[in-house]
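Me: I'm new to this one, so let me ask how the labels are earned. Could you show me the structure before we start?

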Amino acid sequence: MKRVAVLGATGSVGAGALEVIRRHPDRFRVTVLTAHRNREALDALALEWDPEFVVLGTPPPHGFTPRWSGEWRVGPDALEDAARSPRADLVLNALVGFAGLGPTLAALGAGKRLALANKESLVAGGALVLRALSEGGGELLPVDSEHSAVHQCLAGRPAAEIARITLTASGGPFRTWPAERLAAVRPADALRHPTWAMGSKITIDSATLANKALEVIEAQTLFGIPYERIDVVVHPTSIVHSVVEFRDGSSLAQLGRPSMEIPILWALGYPEHLDDARVEPGFDPIRDGPLEFEPVREDVFPLFRAGVAAGEAGGEFPVAFNAANEVAVERFLAGQVGFEELSGVVLRTLEGFSSRAIESVEDVRRIDARARGIAREAPGARSRRSRNRVSTSRETNE
Ligand SMILES: NC(=O)c1ccc[n+]([C@@H]2O[C@H](COP(=O)([O-])OP(=O)(O)OC[C@H]3O[C@@H](n4cnc5c(N)ncnc54)[C@H](OP(=O)(O)O)[C@@H]3O)[C@@H](O)[C@H]2O)c1
């Protein structure tokens, strides 16, 4: 019986995980649940699961009286304590955004198995996360479907045997749109994802393809292969989740219906494929074919190339890219900048950063805060397509 802490229990991945755990009461017991603001939903979950304690990221308003009478903790420090709590063996980090970094480091530092959905942790704090993993002796299992696919294909083989990783992308709701139409995109349009039902931040990231850039950085960190050997291809039906080509020319792919329950099951049950009859029906070559692939339209979705370039440049760039992108998404959802202006906010922000190596979590927090400050003020000027690459000192040196 594994005791599970579900961080971000009120979100899309958190709900998917609880759905999986509900079907496996003999395997898992939920001991910790967290939410940020959604106290009523957290209260309802606590009543159902009766965990050892719950954490709310922000203090509830005066007069809030929960129905669940157990232990309530409040604030970001409590969230990190929850990630390292001796009352959980396995931590699912399903938080959204940079707020996930502290809990990721805390869980790995305490030697937990970490099922990681929060890709922003790896983008902003990659080297620190790997250090916490090796020093804490924990285990890191990706929940992002593409990375779960790679992890399953690798089956423990070393990075040296990998020739190439190909991550698939659905292409988002604007995959086929002519560039001219994007100026009129409203948040409601961008929130309509063709294949995945997800939280709002990742849904917008999928529409801009910033999500795929974050995933390239995530793959580089997790699997330790150079950027030039990580490809991205658009696959509109999201059946093939990724492909790993080995150095002898053999390629393995992982396939399945687009449901987050499959990678969640893998991360929770690893190394076993758990018996779960209620998950989506498996791949059916007739029903699910033909499997189609097309290149990424990098000229139409400039945040993809900008994000990958930020990862390649390293140092402060990925931290700043992640922070600027989070702020740009918030501003877009608040109606302050248009869809086509998102990349302008991010590219403007990146101009103030360098490839200087990052030494500590304090460094990461400082860079994150500075990038957010710039991105909040950056004018949402339409990005010129010709500026769709991050100019880096490495490129200048070459
Ligand atoms: N959704 C998917 O299918 C999917 C697929 C692959 C990867 N991912 C990744 O998984 C992560 C979660 O995505 P999601 O779609 O599940 O997000 P979501 O639906 O927005 O849920 C986010 C969860 O985190 C909590 N939260 C938000 N801001 C927080 C903060 N500052 N501090 C602490 N907790 C906070 C939320 O609490 P409240 O409800 O109280 O706000 C909620 O429980 C993201 O990194 C995403 O990229 C998601």
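Reply: Sure. One term to begin with: a salt bridge here is a side-chain nitrogen of Lys or Arg within 4 Å of a carboxyl oxygen of Asp or Glu. And keep in mind that this is a predicted model.

Me: What makes Arg23 and Glu261 a salt bridge?

Reply: Their closest N and O atoms are 2.7 Å apart, and the cut-off is within 4 Å, so the pair qualifies. Arg23 sits in the loop between α1 (12-22) and β2 (28-35), while Glu261 belongs to helix α10 (residues 261-269), so the bridge ties together parts that are 238 residues apart in sequence. Both Arg23 and Glu261 are buried.

Me: How many salt bridges does that rule give?

Reply: The count comes to 31. Some are linked up: Lys119, Asp144, Glu146, Lys212 and Glu215 form a network of salt bridges.

Me: Why are Asp205 and Lys201 called buried?

Reply: Buried means under 20% relative accessible area. Asp205 has 2%, so it counts as buried. Lys201 comes to 11%, so Lys201 is buried too. Their side chains also meet in a salt bridge, at 2.8 Å from N to O. Both lie in helix α8 (residues 200-208), 4 residues apart, about one turn of the helix. As a rule, an α-helix has 3.6 residues a turn, so residues three or four places apart point the same way.

Me: What about Arg287 and Asp288, which form a salt bridge: how do you know whether each is buried or partly exposed?

Reply: Same test. Arg287 has 41% relative accessibility, between the 20% and 50% limits, so it is partly exposed. Asp288 has 6%, under 20%, so Asp288 is buried. The closest N and O atoms of this pair are 3.0 Å apart.

Me: Why is helix α13 said to be largely enclosed by the rest of the structure?

Reply: Of its 18 residues, 16 are buried, so the description fits. Helix α13 covers residues 316-333 and reaches 26 Å from its first C-alpha to its last, close to the 26 Å expected. Just after α13 comes Gly335, with a positive phi of about 80°.

Me: And what makes Phe283 partly exposed?

Reply: Its relative accessibility is 33%, which falls between 20% and 50%, so partly exposed is the right label. Phe283 lies in the loop between α10 and α11 (285-288). Together with Leu291 and Phe293, Phe283 forms a nonpolar patch on the surface, with about 240 Å² of accessible area in total.

Definitions and conventions. Residues are numbered from 1 along each chain as its sequence is written. This is a predicted model: local features need pLDDT of at least 70, side-chain atom pairs count only at pLDDT 80 or more; totals for chains, interfaces and linings use all residues. Side-chain values use heavy atoms; hydrogens and water are left out. Helices (H or I, at least four residues) and strands (E, at least two) are DSSP runs, numbered from the N terminus. Buried means under 20% relative accessible area, exposed over 50%, partly exposed in between (1.4 Å probe, protein chains only). The expected span of a helix is 1.5 Å times one less than its number of residues. Patches are made of residues with over 30% relative accessible area and no salt bridge: like charges are joined within 9 Å, nonpolar side chains (Val, Leu, Ile, Met, Phe, Trp, Tyr) within 5 Å. Accessible areas come from the Shrake-Rupley method with a 1.4 Å probe; for residues, only the protein chains shown count as cover.
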